[in-house]
Amino acid sequence: MYKKSIAGLLFGTLALGLFSFRSESERYFQIAKNLDVFATLFKEVNTYYVDDVPPAQMMRTGIDAMLKSLDPYTNYIPEDDIEDFRTMTTGQYGGIGAVISSRDGKVVVQMPYEDSPAQKAGLVIGDEILKVDGVNVTGKSTADVSKLLKGQANTPIKLEIRSYGQSKPRTVQLSRSNIMVENVPYYGMMNDKIGYFQLSGFTVDASKEVRMAVQKLKEMGAEKIIFDLRDNPGGLLHEAVNISNVFVDKGKDIVSTKGKVTEWNKTYKSLDEPLDVDMPLVILTSSRSASASEIVAGVMQDYDRAVLIGERTFGKGLVQATRPLSYNSQLKVTTAKYYIPSGRCIQAIDYTHRNEDGSVGKIPDSLRVAFKTANGRVVYDGGGISPDVEVEQAEYADITKAIASKGHFFEYANKYKAEHPSIPDATKFELSDEEYQKFVAFLSDKDVSYNTGVESELEDVAEQAKEGKHYDDIKAELDVIRKKVSHNKANDLTRFKPEIREVLEAEIASRYYLQEGYIEATFDDDPNILAAMQVLSDEQKYNAYLKGN
């Protein structure tokens, strides 16, 4: 009996080994076969297609389509794009230190960075760039102009600039420098006890910037902190680990990664002494807070270290790694999923099943699994991180979007700056009713046309009625509704005055105080910040959220 069992076991093991060998062999055959088919196909198309076939462009199309079928984060990075990719991951590049944008075919300075060559040379928001080293850039894309502006540190660059209200251009000589885009664009005090800081990315040294911001806030008197992660798309995994470590004890599990290559699976722990494990903390999240942002928010929630306020996060629980390819190109490939301390993975999207329109669907709540935080609060996997206090991001009205998209806020702020040498601090700056009416007058000869959702639906109904030969039957009713909608649009500048004034105030504040001014001008109207202030001002309520009451 014993010998038969051993024989059976050996046979089963041998059979399993043969099966595995055949499976791998079959897989390699399929790979070789299809690569051969692909190469042969391209050769035939190149030989017989009626027009010339650009090889690089056609191959890029094929590669992009192949990777797109996997997930949105697995990408091919050709040699020409390596520098932009390096900037995204490190936050560093050689240039003049200014964000540019295109407006009506003109290339303009959108935002110069503090202490950058651009700011030191006197460039301000709204300056139009006409030439870069003698090259006319009018009508060029921002990507093309950006490449002209970038270069090795300490190399000279000559710009031809036309400032707002000036007809004659001027020449500006600059020297490029190494530009470091800050991960923490702002920190400051909301009142005498509550500090606030914003984290916009997770590039190199993000954790050092966070630690420094928290330390500075404590020195300024902060006893409680609002940590803003809204719209942060994520970045480097180890920076998320180190940022979590600022607020949780040394030796704690932060995140685990699990993928096909088991040698790469790893549990990341907090390795340093924390800066503060007791200070009351609120984290602000939005539906665009993703990846590394979700690790930090999820860790704080799993350890009951912070109250989360805002929207459910994006739900990207995937880890990417870069692999070198030939000819200095790279592959950014999804290698694992990550799991936060409670054991949950917040990955929301199943990329193997797509909707008819090509979009991806989210995991239904009924399929989500329950986990528990350190205090026993119930939390769920899949679908991102749900906040403890839900505050929806308000949608701007159609009129506000139209004014912004057509550049009227931007242009009027330039005009206002030219006419007003100074304004109060951004936190105190407010437009009077009289000044708002001046903005309305400014818009009187501008294009602020837009279609509301109701108008779009009316047009759809009209088209369907025409196809069904019933349009004449409902034409009179449709015309009545159109007139009512048109009348409402005429009053939109009055109806949506509070939010339009909000946006305009922030835009104007940025002309005097740059990015810091833009951020500060939004504080008094931001429902998430107001909710955070309320929670932090009520110790009993704050503790109740963390205990699950």
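Helices, of at least four residues, and strands, of at least two, are DSSP runs numbered from the N terminus. On that basis, Tyr-113 belongs to the loop that connects strand β4 (106–112) with helix α4 (117–120). The model described here is a predicted one.

**Two loop residues**

Tyr-113 has a relative accessibility of 22%, and because buried means under 20%, this residue counts as partly exposed. When neighbours within four places in sequence are set aside, the contacts of Tyr-113 are Tyr-93, Gly-97, Ala-98, Val-99, Gln-119, Ile-179 and Val-181. Asp-524 is separated from Tyr-113 by 411 residues in sequence, and the C-alpha to C-alpha distance between the two is 24 Å.

Pro-364 also occupies a loop, between β20 (360–362) and β21 (370–372). Its relative accessible area is 41%, so Pro-364 is partly exposed. Gly-382 is 18 residues from Pro-364 in sequence, with 8.7 Å between their C-alpha atoms.

**Helix α1 and a nonpolar patch**

Ile-31 is part of helix α1, which covers residues 2–48. With a relative accessible area of 41%, Ile-31 is partly exposed. Together with Tyr-28 and Leu-35, Ile-31 forms a nonpolar surface patch, and the accessible area of these residues together is about 340 Å². An α-helix has 3.6 residues a turn, so residues three or four places apart point the same way.

**Helix α15**

Helix α15 comprises residues 497–521, and its end C-alpha atoms are only 16 Å apart. A straight helix of 25 residues, at 1.5 Å a residue, would span 36 Å. Where is the kink in α15 centred? The kink, of about 145°, is centred on Tyr-513. As for its surroundings, 18 of the 25 residues of α15 are buried, so the helix is largely enclosed by the rest of the structure.

**Salt bridges**

The count of salt bridges comes to 22. Those tabulated below are among them.

| Salt bridge | N to O distance |
|---|---|
| Glu-83 and Arg-86 | 3.0 Å |
| Asp-205 and Lys-208 | 3.8 Å |
| Arg-230 and Asp-228 | 2.8 Å |

Glu-83 and Arg-86 are both located in helix α3 (residues 82–90), where three residues, about one turn of the helix, separate them. Glu-83 is partly exposed, at 44% relative accessibility. Arg-86, at 41% relative accessibility, is likewise partly exposed.

Are the partners in the bridge between Arg-230 and Asp-228 buried or exposed? Arg-230 is buried, and Asp-228 is buried as well. Through salt bridges that share partners, Asp-228, Arg-230 and Asp-526 are joined into one network.

In the bridge between Asp-205 and Lys-208, the closest N and O atoms are 3.8 Å apart, within the 4 Å that defines a salt bridge. Asp-205 has 28% relative accessibility and counts as partly exposed. Lys-208 has a relative accessible area of 59%; because exposed means over 50%, Lys-208 falls in the exposed class.

Technical notes: Residues are numbered from 1 along each chain as its sequence is written. This is a predicted model: local features need pLDDT of at least 70, side-chain atom pairs count only at pLDDT 80 or more; totals for chains, interfaces and linings use all residues. Side-chain values use heavy atoms; hydrogens and water are left out. Patches are made of residues with over 30% relative accessible area and no salt bridge: like charges are joined within 9 Å, nonpolar side chains (Val, Leu, Ile, Met, Phe, Trp, Tyr) within 5 Å. Accessible areas come from the Shrake-Rupley method with a 1.4 Å probe; for residues, only the protein chains shown count as cover. A salt bridge is a side-chain nitrogen of Lys or Arg within 4 Å of a carboxyl oxygen of Asp or Glu. Buried means under 20% relative accessible area, exposed over 50%, partly exposed in between (1.4 Å probe, protein chains only). Contact means heavy atoms within 4.5 Å. The expected span of a helix is 1.5 Å times one less than its number of residues. The bend at a residue is the angle between axes fitted to the seven residues ending there and the seven starting there.
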